[in-house]
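Hi there,

Here is the model I promised to pass on to you. Have a look at it first, and then read on for what was found in it.

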Amino acid sequence: AVLQMEARLLATLGFRLTVPTAHVFLQRFASAVGILVQPRSRPHHLAAYLIELSLQDATMLHFAPSHQAAASLCLALHLAGANGSRATLLSQTCYSLDMLLPCMRVMNKLLQHSAAAPQQNIRRKYLHEARGAVSCIPAAINL
């Protein structure tokens, strides 16, 4: 009976089961902050770039996908000087700035060393103007 119910449930869902990724949370948070526009805003591109850089670092596995998304967007907004939007982000998520800072620091370090990293595909992808050329943005001096 349990197996039949599982089979029925999976068939109803069309076997589309996924775990939410940091990009899914980024879309939600960007929408809440008001930067989910077409074409994408520069902070949105930068946050996506930070998330993609994070895929190459095992340290980031310590942070939940929602935490990574909030930290990437918070850092992107900081680098863009959009502190008002950053306050909105913090009020819309379950994270405080103190909770996000460790993840933001790791991401900032990844951004700082991205030009010297052995894998350059992600950096080249975000060099294009279509993605805001955000891989040229320097890391924060101190967080």
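A word on naming before anything else: helices are DSSP runs of H or I with at least four residues, and they are numbered from the N terminus. With that, Met60 can be placed in the loop between H3 and H4. Please keep in mind throughout that this is a predicted model.

**The chain as a whole**

The chain has seven helices and zero strands, so read from the N terminus its elements simply go α-α-α-α-α-α-α. Along the principal axes, the C-alpha atoms fill a box of roughly 60 × 35 × 30 Å. The chain has 143 residues, of which 39% count as buried. If you take the contacts with a separation of 6 or more, 72% of them come from residues 24 or more positions apart.

**Where H3 meets H6**

How do helix H3 and helix H6 pack? Residues 42-54 make up H3 and residues 97-112 make up H6; the angle between these helices is about 90 degrees, and their axes are 10 Å apart. An angle from 65 to 115 degrees counts as roughly perpendicular, which is therefore how H3 and H6 stand to each other. On the H3 side the contact is made by Tyr49, Leu50, Leu53 and Ser54, and on the H6 side by Met107, Leu110 and Leu111. Sorted by character, the residues of this contact are six nonpolar, one polar and no charged.

**Around Met60**

Back to the loop between H3 and H4, where Met60 is found. Is Met60 buried or exposed? Its relative accessibility is 1%, so Met60 counts as buried. Apart from neighbours within four places in sequence, Met60 is in contact with Ser54, Gln68, Cys103, Val106, Met107 and Leu110. Three of those names, Ser54, Met107 and Leu110, also belong to the contact of H3 with H6. Met60 and Met107 are 47 residues apart in sequence, while their C-alpha atoms are 8.5 Å apart in space.

Gln68, another partner of Met60, has its place in helix H4, which spans residues 65-80. At 11% relative accessibility, Gln68 falls under the 20% limit and so counts as buried. Setting aside neighbours within four places in sequence, Gln68 is in contact with Ala22, Ile51, Ser54, Met60, Phe63, Cys103 and Met107.

His67 is also placed in helix H4, and its relative accessibility of 12% means that His67 counts as buried. With neighbours within four places in sequence left aside, the contacts of His67 are Tyr95, Met99, Leu100 and Cys103. Cys103 thus turns up for His67, for Gln68 and for Met60.

**Aromatic pairs**

How many aromatic pairs does the structure hold? There are two. One joins Phe25 and Phe29 in a tilted arrangement, with 6.1 Å from centre to centre and 35 degrees between the planes. Phe25 and Phe29 both sit in helix H2 (residues 22-33), four residues apart, or about one turn of the helix. Phe25 has 25% relative accessibility and so counts as partly exposed, whereas Phe29, with a relative accessible area of 8%, is buried.

The other pair is formed by Tyr49 and Tyr126; this pair is tilted too, at 5.1 Å centre to centre and 45 degrees between the planes. Here the rings link distant parts of the chain, for Tyr49 is in helix H3 and Tyr126 is in the segment after helix H7 (121-125), 77 residues apart. Tyr49 and Tyr126 are both buried. Tyr49 is also one of the residues in the contact of H3 with H6.

**The segment after H7**

Tyr126 has a charge for company: the charged end of Arg131 sits over its ring, 5.7 Å from the ring centre. Ser135 lies in the segment after H7, and with a relative accessible area of 5% Ser135 is buried. Which residues does Ser135 touch, not counting residues up to four places away in sequence? They are Tyr49, Arg123, Tyr126 and Leu127, so that both members of the tyrosine pair are among them. By contrast, Ser135 and Asp98 are 26 Å apart in space, C-alpha to C-alpha, and 37 residues apart in sequence.

Happy browsing, and best wishes!

Notes: Residues are numbered from 1 along each chain as its sequence is written. This is a predicted model: local features need pLDDT of at least 70, side-chain atom pairs count only at pLDDT 80 or more; totals for chains, interfaces and linings use all residues. Side-chain values use heavy atoms; hydrogens and water are left out. Axes are lines fitted to C-alpha atoms, for helices over the stretch in contact, and angles run from 0 to 180 degrees between N-to-C directions. Helices (H or I, at least four residues) and strands (E, at least two) are DSSP runs, numbered from the N terminus. Angles under 35 degrees count as roughly parallel, over 145 as roughly antiparallel, 65 to 115 as roughly perpendicular and the rest as oblique. Contact means heavy atoms within 4.5 Å. Ala, Val, Leu, Ile, Met, Phe, Trp, Tyr, Cys and Pro count as nonpolar, Asp, Glu, Lys and Arg as charged, and the others, Gly among them, as polar. Rings of Phe, Tyr and Trp (its six-membered ring) pair if their centres lie within 6.5 Å; planes under 30 degrees apart count as stacked, over 60 as edge-to-face and the rest as tilted. Buried means under 20% relative accessible area, exposed over 50%, partly exposed in between (1.4 Å probe, protein chains only). A charge sits over a ring if NZ of Lys or CZ of Arg is within 6 Å of the ring centre and within 35 degrees of the ring normal.
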